[in-house]
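Please walk through this model with me, starting at the DNA and ending at the metal sites.

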Protein chains: 2
Amino acid sequence: MQADFRQLCADHGIAMTHQRQVLYEVMQGMEGHPSPEEVYALVKKKVPAVSLATVYKNIHLFVESGIFRKMSMHHGSVRVEMNSEDHHHMVCSKCKAITDIGEKELGLSPTQRRLSDGFLVERYSVDVIGLCAKCQKA
Amino acid sequence: MQADFRQLCADHGIAMTHQRQVLYEVMQGMEGHPSPEEVYALVKKKVPAVSLATVYKNIHLFVESGIFRKMSMHHGSVRVEMNSEDHHHMVCSKCKAITDIGEKELGLSPTQRRLSDGFLVERYSVDVIGLCAKCQKA
DNA sequence: TTATCGGACGATAATACTTATCATCTTTAA
DNA sequence: TTAAAGATGATAAGTATTATCGTCCGATAA
Ligand SMILES: [Mn+2]
Ligand SMILES: [Mn+2]
Ligand SMILES: [Zn+2]
Ligand SMILES: [Zn+2]
């Protein structure tokens, strides 16, 4: 409800606006790794006058304030990560399809917290490059 | 020498041209993950009339024919991977610096060859997200 | 509730990166 | 040597993203 989003904005130190709320709700309802254009298309249905620039600005704002996570690799454009579970990605080297794979299922659990040159680890992001089932047939 | 590059081209089924040879040699002498513009700047010193389009076209050609490997993630532009060793990357979440880290040093050796949905693994690419030593001080 | 002010909005220009086009030149293979 | 195929350089076009700016909205205090 609206009060929840108002609180979320307050928690993250950003102002609450109608466009932001619609954007947030639309994004919540999306799966996978939507592009700004895809988000824009859906927001426009509820707020026809919305500008693409506003969508870009607020996606960045959401990402910077930690509400959503960016996921730009392997796509030609910026994407937002809508899967909030700990997971990694399988990338088909032929058709470029990107599929989530859970941390457990991947069977990799890195533990080192500090690496060479004093690099402090926040998290690991694994891309498994290979062939999806569909592309193996062809 | 020239004969070597001629042979390399023959092996990969591409024509041997002066621009390609200079491009190849310049790239061989670069480290890290150079951008097309960086490569272009150096090639221009030896072949002043070279076009940026030619650099782009031949970088793609080299990547497609397996002479070099693409490494585009995390940068705003296409990059080429000049480190031919098996390695992964440490990405600083603050300054965006990208540093190579050897497979052994990372201490991760994934072995699964097949994952969910029948995905056939070719290789793993690990990005370690965190803070570089420099950014930890600030 | 209303006034005020800083931030957010929408329209659109500008930028950065990359690719397409095309006339000319070079390489390859016969 | 020659003809076909392919490569080059100049430049236009395309795509994604960001900057600019005048107007409007929303948070705060009177
Ligand atoms: Mn994902
Ligand atoms: Mn590298
Ligand atoms: Zn595929
Ligand atoms: Zn850093």
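A phosphate oxygen of DNA strand C sits 3.2 Å from an N or O atom in the side chain of A:Asn58. That is a polar contact, meaning a pair of N or O atoms within 3.5 Å; within protein, one must be able to donate a hydrogen and the other to accept it, and residues adjacent in sequence count only if both atoms are side-chain atoms. A:Thr54 also reaches a phosphate oxygen of strand C, with a side-chain N or O atom at 2.3 Å. From the other chain, the side chain of B:Tyr56 places an N or O atom 2.3 Å from a phosphate oxygen of strand C.

A word on conventions. This is a predicted model, in which local features need pLDDT of at least 70, side-chain atom pairs count only at pLDDT 80 or more, and totals for chains, interfaces and linings use all residues. Residues are numbered from 1 along each chain as its sequence is written, chains are lettered from A and ligands numbered from 1 in the order in which they are written, and side-chain values use heavy atoms, with hydrogens and water left out.

Which elements give two or more residues to the surface near DNA strand C? They are helix 2 (18-28) and helix 4 of chain A, together with helix 4 of chain B. Helices (H or I, at least four residues) and strands (E, at least two) are DSSP runs, numbered from the N terminus. Helix 4 of chain A gives the most, four residues. Near means that a heavy atom of the residue lies within 4 Å of the molecule or strand. There are 19 residues around strand C, and A:Gln19, A:Thr54, B:Tyr56, B:His60 and B:Val78 come nearest. Of the strand C atoms within 4 Å of the protein, 85% belong to sugar or phosphate and the rest to bases.

Now turn to DNA strand D. It has 17 residues around it, of which A:Tyr56, A:His60, A:Val78, B:Thr17 and B:Thr54 come nearest. Sugar or phosphate accounts for 80% of the strand D atoms within 4 Å of the protein. The side chain of B:Thr17 has an N or O atom 2.8 Å from a phosphate oxygen. For A:His60, the corresponding distance to a phosphate oxygen is 3.3 Å. B:Gln19 instead meets a sugar or linking oxygen, at 2.8 Å. Helix 4 of chain B gives the most to this surface, with four residues.

Next, the metals. The zinc ion (ligand 4) has the protein donors B:Cys92, B:Cys95, B:Cys132 and B:Cys135, each through SG, at 2.2 to 2.4 Å. Donors are N, O and S atoms within 2.8 Å of the metal (3.2 Å for Na, K and Ca); water is not among the atoms, so sites may look incomplete. B:Cys92 in strand 3 (residues 87-92) and B:Cys135 in helix 6 (residues 133-137) of chain B are 43 residues apart, linking distant parts of the chain. B:Cys92 is buried, at 0% relative accessible area. Buried means under 20%, exposed over 50%, partly exposed in between (1.4 Å probe, protein chains only).

The manganese ion (ligand 2) takes its protein donors from B:His33, B:Glu81, B:His87, B:His89 and B:Asp100, at 2.2 to 2.7 Å. Their spacing in sequence is H-x47-E-x5-H-x1-H-x10-D. B:Glu81 is buried at 6% relative accessibility, and B:His89 is buried at 7%.
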